[in-house]
Amino acid sequence: MNFIDHERLEKSPYVQLLTLGLYAIAGIVLASLASILSLYFWYGEIFNPDWLNPGNSKNLVTMRIFIGMQQIGLFLLPALVLAWGEKQRVQEFYGFNKVKTQLLLLVILMMVFSMPILEWITMINMKMVLPGFLKPVEEWMRAQEDKNMETMVNLLKINNIGDYLISILLIAILPAIAEEMIFRGAIQRSLGRMFKNPHFVIWFTAFIFSAIHIQFYGFLPRLLLGAAFGYIFFWTQSLWYSMFAHFVNNAYAVTGAWYMQKNNIPLSEANKTTNFQWYGVLISVILTFLVFKYFKNKSLKADGKQLDKSI
């Protein structure tokens, strides 16, 4: 099975990745300017960097605007412009094929069954200790993680259904669309034209996906999620399914934060993973593997592709 079944005459994948990087740089500059302009219209004041401080009264609106604009400028627009630059329709370039309900249900099962193993991997990752000579680096990483956690706790403060819907939009819907467009759609697609080994392409893209979030103590679970999204896209050749998986994962986190607040559980406790017994993790691994295998078979057969036993 080829990584891209019907490859059209396109620019070199090296050129595609280079231009994608340039688009991303331009996009983040435009996103920053748009954010500052939006805040000026919202508050009637010139943006003050102090607004990014979680303790500032303007922080929540500021972070919502910056995060939303960043998703659009850094991820979504570069992926769209890449397709337009190839003079192709976005839905054809990225393979937005017709969605099959059965596959969507399997995606939900995958995400549900994988939660215990992801929780366990998260726990392992959070216990990471660097060698003594790298202690300054570890202290910096811990400080960054604490800062990111403080920002996320503030961003996930949900007082009503309106806050919940805004959080779902910013943390679940928009990242699912924008990040899948650029990582699975653009980067994985271009790398797939450069290298013949799809496993390498999928895992390398997942590495980039996890690294760019700059969350050191969540790197491993995000790496696994990125690989899962990559295989889903590879088997279906449609971004709809990886987008849906991404949405389910993030929406679960937002909903969990809402549940915690409604039950007076501090959001800081969200970093403390559930203590699954070893057999719970083992069952999670087995069920996740079986559903992934079934999903692979159903998705390839549904599109009339010859099943490659090695993938």
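Mentor: A residue is called buried when its relative accessible area is under 20%, exposed when that value is over 50%, and partly exposed in between. The model above is a predicted one. Let us apply these cut-offs to Ile214: with a relative accessible area of 44%, this residue is partly exposed.

Trainee: Where is the place of Ile214?

Mentor: Ile214 belongs to the loop between helix 7 and helix 8.

Trainee: What is the phi of Ile214, and how should I read its sign?

Mentor: The general idea comes before the case. Most residues other than glycine have a negative phi. In Ile214, phi is near 50°, which is a positive value in a residue other than glycine. Lys87 gives another such case, with a positive phi near 55°.

Trainee: Where is Lys87, and is this residue buried or exposed?

Mentor: Lys87 is placed in the loop between helix 2 and helix 3, the latter covering residues 90-93. Its relative accessibility is 75%, so Lys87 counts as exposed.

Trainee: How far apart are Gln144 and Ile214 in sequence and in space?

Mentor: One compares a separation along the chain with a separation in space. Gln144 and Ile214 stand 70 residues apart in sequence, while their C-alpha atoms are 8.6 Å apart in space. Gln144 is part of helix 5, residues 135-155. With a relative accessible area of 23%, Gln144 is partly exposed. A second pair can be read in this way: Ile208 and Ile187 are 21 residues apart in sequence and 9.3 Å apart from C-alpha to C-alpha. Ile208 is found in helix 7, and its relative accessible area of 26% makes Ile208 partly exposed.

Trainee: I should now like to turn to salt bridges. How many does the structure hold?

Mentor: One looks for a side-chain nitrogen of Lys or Arg within 4 Å of a carboxyl oxygen of Asp or Glu. The structure holds six salt bridges. One of them joins the side chains of Glu10 and Arg189, with 2.6 Å from N to O.

Trainee: Which parts does the pair of Glu10 and Arg189 tie together?

Mentor: Glu10 lies in the segment before helix 1 (13-43), and Arg189 lies in helix 6 (residues 161-194); the pair therefore ties together parts that are 179 residues apart in sequence. Both Glu10 and Arg189 are buried. Glu10 and Arg189 are also linked with Arg193 in a network of salt bridges.

Trainee: Which residue forms a salt bridge with Lys58, and how far apart are the closest N and O atoms?

Mentor: The partner of Lys58 is Glu45, and their closest N and O atoms are 3.8 Å apart. Lys58 and Glu45 both lie in the loop between helix 1 and helix 2 (59-85), so this pair ties together parts that are 13 residues apart in sequence.

Trainee: How are Lys58 and Glu45 classed by accessibility?

Mentor: Lys58 has 17% relative accessibility and therefore counts as buried. Glu45, at 37% relative accessibility, counts as partly exposed. A further salt bridge joins Glu92 and Arg89, whose closest N and O atoms are 3.6 Å apart. Glu92 counts as partly exposed at 39% relative accessibility, and Arg89 counts as partly exposed at 48%.

Trainee: I also wish to understand surface patches. Which residues form the nonpolar patch on the surface?

Mentor: For such a patch, one takes nonpolar side chains with over 30% relative accessible area and joins those within 5 Å. Here the patch is formed by Trp278, Tyr279, Leu282, Ile283, Ile286, Leu287, Phe289 and Leu290, which together have about 850 Å² of accessible area. Consider Phe289: its relative accessibility is 53%, so Phe289 counts as exposed. Phe289 lies in helix 10, residues 278-302.

Trainee: How should I read a pocket, and how much space lies in the second largest one?

Mentor: One asks for its volume, and then for the residues that line it. About 520 Å³ of space lies in the second largest pocket. Its lining has 21 residues, and the closest to its centre are Ala228, Tyr231, Thr288, Phe289 and Phe292. Two or more lining residues come from each of helix 4 (101-126), helix 7 (198-211), helix 8 (219-236) and helix 10.

Trainee: Which helix gives the most to the lining of the second largest pocket?

Mentor: Helix 10 gives the most, with seven residues. Sorted by class, the lining of this pocket has 15 nonpolar, four polar and two charged residues. Phe289 thus appears in both accounts: Phe289 is a member of the nonpolar surface patch, and Phe289 is among the residues closest to the centre of the second largest pocket.

Notes
Residues numbered from 1 in each chain as written. Predicted model: local features only at pLDDT ≥ 70, side-chain atom pairs only at ≥ 80, totals over all residues. Heavy atoms only, no water. Patch = residues over 30% accessible without salt bridge, like charges linked within 9 Å, V, L, I, M, F, W, Y side chains within 5 Å. Areas by Shrake-Rupley, 256 points an atom, 1.4 Å probe, with all protein chains shown as cover. Helix = DSSP H or I, 4+ residues; strand = E, 2+ residues; numbered from the N terminus. Buried < 20%, exposed > 50% of the residue type's maximum accessible area, 1.4 Å probe, protein only. 1 Å grid on protein atoms, 1.4 Å probe; cavity = no way out; pocket = protein on both sides within 12 Å on 5 of 7 lines; lining within 4 Å. Points joined across faces, edges and corners; volume = space filled by probe spheres on them. Nonpolar A, V, L, I, M, F, W, Y, C, P; charged D, E, K, R; others polar.
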